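Q: Could you take a close look at one part of this model for me, the salt bridges? I'd like to know who pairs with whom and how covered the partners are.

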Amino acid sequence: MTLLYEFPPTRSNRAKWALEELGIDFEAENIDLMQGEQNTESYRSIQPLGVVPALKTNDYLMYESIAIVLQLIDENPEKALAPKPGSPERALYYQWCLFAAGELDPAIMLVFDKTMRPLEAMRPTGAQHDPNLAEKGRRDFAERATIISDALADRDYLLGDQFSGADIVVGHSCIMATVTGLLDDFPTLQTYRDRLKQRPASQRVYS
Ligand SMILES: N[C@@H](CCC(=O)N[C@@H](CS)C(=O)NCC(=O)O)C(=O)O
């Protein structure tokens, strides 16, 4: 049995999208972040920071949305969603997945937290909207979005003609960035996002 702890459309959608692309049978348990279900003792025993997603399988329990995507893809090599380990393409695959984790998500979350996030759902520390910090997030995102736009100038997907897990990871960032208008000045990323949203698997996740 594979169980995803989720709260759509948050970063749990990355894991769900990978499950759908790979055709893995799974069940989902909703952890309602607005109701504080992430902070119950039982959920904290699954994900100690009280964030989604987490994934439980017959063999392991893990968290971190991007790590879950990478693990699921590695478990299903016949689906060819990742280049061969050690290949030049694999270098780019790692690069873009970690670029999303370290560069895109923090900027997107800064803008969301400091402009849109419902305050009652925020954690006690720093739970304030703040236009200056939101502006920093917008600047940070724009610099990074330019880099991805340039990378996509001559290709449909981050690694070339072939869709991969890197597109799930970065594609989710692009989809979430749309919510706060962060893609407005990036037509290449809008086209990329729309291309990804045409995939049946992503439609099952983001509809
Ligand atoms: N690095 C983690 C971040 C997970 C994360 O922060 N998830 C957010 C939703 S996107 C969450 O659960 N927040 C709940 C909270 O902060 O109370 C991952 O990618 O899985």
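A: Asp105 is buried, with a relative accessible area of just 8%, and this is a predicted model. Its salt-bridge partner is Arg14, with the closest N and O atoms 2.9 Å apart. Arg14 is buried too, at a relative accessible area of 0%. Since Arg14 lies in helix H1 and Asp105 in helix H4, the pair ties together parts that are 91 residues apart in sequence. There's a third member here: Arg11 joins Arg14 and Asp105 in a network of salt bridges.

Now for another pair that involves H1. Arg199 forms a salt bridge with Glu21, and their closest N and O atoms are 2.8 Å apart. This one also links distant parts of the chain, because Arg199 sits in the loop between H7 and H8 while Glu21 is in helix H1, 178 residues away. On the cover side, Glu21 is buried at 17% relative accessible area, as the cut-off for buried is under 20%. Arg199, at 21% relative accessibility, counts as partly exposed.

Then there's Asp154 with Arg155, whose side chains meet in a salt bridge at 3.2 Å, N to O. Asp154 counts as exposed, at 62% relative accessibility, whereas Arg155 is partly exposed at 27%.

If you want the full tally, the count comes to 13 salt bridges, among them the Arg14–Asp105 pair, the Arg199–Glu21 pair and the Asp154–Arg155 pair.

Methods:
Residues are numbered from 1 along each chain as its sequence is written. This is a predicted model: local features need pLDDT of at least 70, side-chain atom pairs count only at pLDDT 80 or more; totals for chains, interfaces and linings use all residues. Side-chain values use heavy atoms; hydrogens and water are left out. A salt bridge is a side-chain nitrogen of Lys or Arg within 4 Å of a carboxyl oxygen of Asp or Glu. Helices (H or I, at least four residues) and strands (E, at least two) are DSSP runs, numbered from the N terminus. Buried means under 20% relative accessible area, exposed over 50%, partly exposed in between (1.4 Å probe, protein chains only).
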